[in-house]
Structures are given as structure tokens and as C-alpha cells.
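Me: Could you take me slowly through the part of this model where the chain does something less usual, and then through what surrounds and holds together the rest? I am in my first year, so please give the cut-off behind each term when you use it.

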Amino acid sequence: MLIAVIGRGHGGTRAISHTLSESGVFMGAQLNASGDLIPPEDMYNACRIMSGYVVHLGGVKWDFSQLHTMPINPEFKQLVERYLSSVLASNAKHKGWKLPETTLVYPWIVRMFPDAYYIHWVRDPRDSILGAHLTDDLADFGVPYEHTENVLLRRAISWKYQREIVKATPQPARMIQVRFEDFVLNQDETLVRLEQFLGLPLVKVDVNPEAVGRWRTSNEKLDFDFLHEDMKELGYEI
């Protein structure tokens, strides 16, 4: 079994990575404190290759259609396989990886690993954009967008882009979406869902309920109209 965790950075994905690791899933030879498989540079470069085929339609709209039919760039494959070498070479019954930037190349990851189990981790964008992450400026990964000097707006656009690229990708055979808030506030129920999806027992990890709803006490401008539709779909109040 191969498990891939996707989800924007600063979205709480370390919680599921730690859960999987402590439950006996091999998550790679070298992990950082966030549970990311490192070193990540090969995956970063793979992101820059694939983003060259994304068409910006203006605003917060992109066309990802050619990614689903065109041949996958051979260099992209080599970079991803090199990044995942310790995982792919492992004889572990259950193995996988977590790196937020995987979300940026989700369409081609699904095509490379159609039989993997995908865990799509989501978080209220108002909490997600409170903290800095490497993907805040999509241009660093070659993604076309209307650049802005407004840091929070950049982060919100990054959140939106990563939501859009997942929605635009034909859903793989095995995929589950989990809200970070549900995992923190209702961990037992959420673990049952994940156990049923993966078919293996999972252990509980420490979570911090104060990580949910931090936006409520922030003085920052975190409410962007273009996020409202997605927030409604995901069950977040506006």
C-alpha cells in the first residue's frame, strides 16, 4: 500500500504524517519535524516543470486540462522517483509520504501512482494563511498568477490554487478528504474514517484544540470573497 498525503502547507498535515508514522507506516528514510519526507529539492524542481503546462486564465482561474492527457515530462518522472526513492524501494507493507508541495503536482502524481491511497487534508483558509509557508508565492514554483505585494492575499491565492488543482484532477480510485478541524476536535471519529479507508489501525497523537479557529482573534484581513464558495463546500462558516 502506498499512501500520499496532499494538502496546502500550514494546513495541519503534520498531524496525519505523525499519525501514520506512529501507526507503523514507513513515511520515508528522513523526515523533518513536520513529518515531511526530505530532502525536498527534487520534488520542488518537479513542481517547476509541471507548472509550465498550467494556463492562467486571469484572477483566480487556471486551466489544468492538458495535464490530464499530455505525456508526463520524463524529467518530472525522474525527479519524483528520486525524491521518493527510499519509499518506493522499501519492502514495508504500508508506506507513503507527506510533503505539502506534492499538492502542486497532484495531477501527475495521480497518473504516476493511480493505485495509491490519497489523503486530502484541508483546513479553514483563514487559519491556513495566518502562517507563512514556502508555497505562499506560487511564482517560486513557476505557477502563473497575478502577483501581489499583499502577503495575505498571496497566501489566499495559493490556498485557492491548490484547492482548484485538486478539484480539476480526475479523482483517483482511492481518495478521502479530511478536515484538520475534525481531526483535532473529533479525533476518534476521524480516525475511524481513516482506518476504514486505509484498512489498518491508527494510533492517536497529541493535538492542540487551540489550533482551530485562530483567525477569530486575529486583527488581520483574512476574509477574501473568492474563497467563500470553497469554504461553503467544505463546511466552514462565513
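Reply: His-10 counts as partly exposed because its relative accessibility is 32%, and that label belongs to a scale on which buried means under 20% relative accessible area, exposed means over 50%, and partly exposed lies in between (with a 1.4 Å probe and protein chains only). The model is predicted, and for this reason local features need a pLDDT of at least 70 and side-chain atom pairs count only at pLDDT 80 or more, while totals for chains, interfaces and linings use all residues. Residues are numbered from 1 along each chain as its sequence is written, and side-chain values use heavy atoms, with hydrogens and water left out.

His-10 lies in the loop between β1 and α1, where helices (H or I, at least four residues) and strands (E, at least two) are DSSP runs numbered from the N terminus. The phi angle of His-10 is near 65°, a positive value in a residue other than glycine. Most residues other than glycine have a negative phi, and most peptide bonds are trans. A second departure is found at the peptide bond from Ile-38 to Pro-39, which is cis, with omega near 0°, and Pro-39 is in the loop between α1 (13-22) and α2.

From these loops we can turn to the interior. The largest nonpolar core has 44 residues, and those with the most contacts inside it are Phe-76, Trp-97 and Phe-113; such a core is a set of buried Ala, Val, Leu, Ile, Met, Phe, Trp, Tyr and Cys residues joined through side-chain atoms within 4.5 Å. In soluble globular proteins, nonpolar side chains tend to be buried together. Several elements, β1 (2-6), α2 (41-50), α3 (74-83), α5 (106-112) and α7 (151-168), each supply at least two residues of this core, and the largest share, six residues, comes from α2. If neighbours within four places in sequence are left aside, Phe-113 is in contact (heavy atoms within 4.5 Å) with Leu-2, Val-80, Leu-84, Leu-88, Trp-97 and Tyr-118. A second, separate core has 23 residues, including Val-25, Trp-121, Phe-180 and Ala-211.

Helix α7 is mostly covered, with 14 of its 18 residues buried. The expected span of a helix is 1.5 Å times one less than its number of residues, so the 18 residues of α7 should span 26 Å, and the 26 Å between its end C-alpha atoms agrees with this. At the N-terminal end of α7, Asn-150 acts as a cap, with a side-chain oxygen 3.1 Å from the backbone nitrogen of Leu-152.

The rings give another view, since the structure holds ten aromatic pairs. Rings of Phe, Tyr and Trp (its six-membered ring) pair if their centres lie within 6.5 Å, and planes under 30 degrees apart count as stacked, over 60 as edge-to-face and the rest as tilted. Tyr-117 and Phe-197 have ring centres 5.5 Å apart and planes at 75°, so this pair is edge-to-face, and it links Tyr-117 in strand β5 (residues 117-122) with Phe-197 in helix α9 (residues 187-198), 80 residues apart. Tyr-117 is buried at a relative accessible area of 18%, and Phe-197 is buried at 19%. Trp-121 and Phe-183 also form an edge-to-face pair, at 5.3 Å centre to centre and 65° between the planes. Because Trp-121 lies in strand β5 and Phe-183 in helix α8 (residues 180-185), the pair ties together parts that are 62 residues apart in sequence. Trp-121 is buried at 2%, and Phe-183 is buried at 0% relative accessibility.

The surroundings of α9 offer a contrast between two residues. Gln-187 lies in helix α9 and is buried at 7% relative accessibility, whereas Lys-204, in the loop between α9 and α10 (228-234), is exposed at 51%. The side chains of Lys-204 and Asp-188 are joined by a polar contact of 3.2 Å, a term for a pair of N or O atoms within 3.5 Å; within protein, one must be able to donate a hydrogen and the other to accept it, and residues adjacent in sequence count only if both atoms are side-chain atoms. The side chain of Gln-187, in turn, reaches the backbone nitrogen of Val-205 at 3.1 Å.
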